Amino acid sequence: MSTDRFETLAIHAGQQPDPTTGAVMTPVYFTSTYAQSGPGEHKGFEYSRTRNPTRDALQGCLAALESGKHALAFASGLAATDAVLHLLSAGDHLVLSDDLYGGTFRLADKVFKRLGIEQTFVDVTDPRAVAAAFRPNTKLLWVETPTNPMLKICDLAALASICSPRGVISVCDNTFATPFFQRPLELGFDVVAHSMTKYLNGHSDVVAGALAVRRDDLHEKLAFLQNAVGAQLGPMDSFLVLRGLKTLHVRMERHQQNAQRVAEALQRHKRVQRVTWPGLPEHPQHALAARQMKGFGGMLTCVIEGGLPAARTFLKTLRLWTCAESLGGVESLIEHPAIMTHASVPPETRRKLGIDDGFIRLSVGIENAQDLIDDLFQALDRT
Ligand SMILES: *Cc1c(COP(=O)(O)O)cnc(C)c1O
């Protein structure tokens, strides 16, 4: 590709008109196998668990957007996470952020712990705490930034510089920021993980995941695991995510504009005790976010007065906002983390983090901002 500018890469990287017909859009290659002209004589495609042209196009596009060299597309974000954690062996030690997507916590705590992977959860906003948690057998660091759901920001360059001299593989789940706002590989991270279910696909109609890397050695190991385990993304879903990626930059700009309008409006409502969005000057890591990210994203949280009864009334009274898990689609979604997405996080951890009864998470969509605010206010007025 003759450019490294994001908007052009989002539309063209990894793709070219189909060599047989000239079709401008990448065909959906619904095939499990490929004809060989003789045993072992093929065009690079043997079996679709290993390689499929539609998945190749998506992987090429995502690798370019993350400024990586390789990407791998999986059947879900957690399938991608599972491949990364399979780099570890029994007796290895894993350091994770203490504020994580609930499913990542569950996979580490309920599956990989049982397989003999030692684990420590730390507040990754403090790089010294991360360094202090490292042991001689520490092999991998897993972080999110902004975190789900507390929207804390960690310093990726500082964490990468702690990991690389020790040979610890650094992994950043970039689902919330997307490569449009933040590129961890450029800051020294080894692996970027995604739930493409969210912003990358952007239309709430696919479950998918991905990894992006620069290092050839890591790509080789992860591609081996993807093929050995078999949780790769199918061609139809690959096509849909590839189509979603073409508008990522346009969507993310509007998500962030609307999030700013909604955050500032919520701050003015008397039933709202606290609003958290990395773009607000009072966010504890606002300066770091402004330095590390090109924008602040479309996710925000608020705490409303009146605890659980008020939160229930609020969520039931909304008309435009849909009460649902997930995030990152064009439509606005709202949810109650303690009951919904983060129910698998132990109650004492939830309390420590601040995921309490009046705590609400919003995925601000790209509808008209005033309509979104009017709906929030009519529902808050009834709590
Ligand atoms: C949703 C999500 C995941 C899991 O992805 P799935 O596609 O649902 O498997 C991982 N990390 C974050 C930050 C998420 O929001």
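Helices and strands here are DSSP runs, numbered from the N terminus, and those labels will guide us around this predicted model.

**Stop 1: the two domains**

Start by colouring residues 6–245 as domain 1 and 249–381 as domain 2, following the domain assignment of the protein. The centres of the two, taken over C-alpha atoms, are 26 Å apart.

**Stop 2: where the domains meet**

Now show the residues on both sides of the boundary. You should find 41 residues of domain 1 in contact with 41 residues of domain 2. The size of an interface is often given as the accessible area lost when the parts come together. For domain 1 and domain 2, the buried area is about 3,200 Å², and carbon and sulfur atoms give 63% of it.

Next, select Asp155 and Arg291 and display their side chains. They meet in a salt bridge, with 3.8 Å from N to O; the count of salt bridges between domain 1 and domain 2 is 1. Polar contacts between the domains come to 13 residue pairs, both residues being at pLDDT 80 or more.

Which helices should you pick out on the side of domain 1 that touches domain 2? Try α1 (6–12), α4 (102–112), α6 (156–166), α7 (178–181) and α9 (235–245), each of which supplies at least two residues. The most comes from α1, with 4 residues. Colour this side of domain 1 by class and you will get 22 nonpolar, 12 polar and 7 charged residues.

**Stop 3: the ligand**

Select the ligand and the 14 residues that surround it; the closest are Gly77, Asp173, Ser195, Thr197 and Lys198. Then look at individual distances from ligand oxygen atoms:

- Lys198: 2.7 Å to an N or O atom in its side chain.
- Ser195: 2.8 Å to an N or O atom in its side chain.
- Leu78: 2.9 Å to a polar backbone atom.

**Stop 4: the loop between β4 and α6**

Move to the loop that runs between β4 (138–144) and α6, where Pro146 is placed. Most residues other than glycine have a negative phi, and most peptide bonds are trans. With that in mind, check the bond from Thr145 to Pro146: it is cis, with omega near -5°. Step along to Asn148 and Pro149, which are also joined by a cis peptide bond, with omega about 10°; Pro149 belongs to the loop between β4 and α6. Leu151 sits in that loop too, and has a positive phi of about 60° although it is not a glycine.

**Stop 5: Ser67**

Finish in the loop between α2 (53–65) and β1 (70–74), where you will find Ser67. Phi of Ser67 is positive, near 50°, in a residue other than glycine.

Note on methods. Residues are numbered from 1 along each chain as its sequence is written. This is a predicted model: local features need pLDDT of at least 70, side-chain atom pairs count only at pLDDT 80 or more; totals for chains, interfaces and linings use all residues. Side-chain values use heavy atoms; hydrogens and water are left out. Domain bounds come from an automatic or database domain assignment. Contact means heavy atoms within 4.5 Å. Buried area is the accessible area (1.4 Å probe) that two parts lose on being put together, summed over both. A salt bridge is a side-chain nitrogen of Lys or Arg within 4 Å of a carboxyl oxygen of Asp or Glu. A polar contact is a pair of N or O atoms within 3.5 Å; within protein, one must be able to donate a hydrogen and the other to accept it, and residues adjacent in sequence count only if both atoms are side-chain atoms. Ala, Val, Leu, Ile, Met, Phe, Trp, Tyr, Cys and Pro count as nonpolar, Asp, Glu, Lys and Arg as charged, and the others, Gly among them, as polar. A residue is near a molecule or strand if one of its heavy atoms lies within 4 Å of it.
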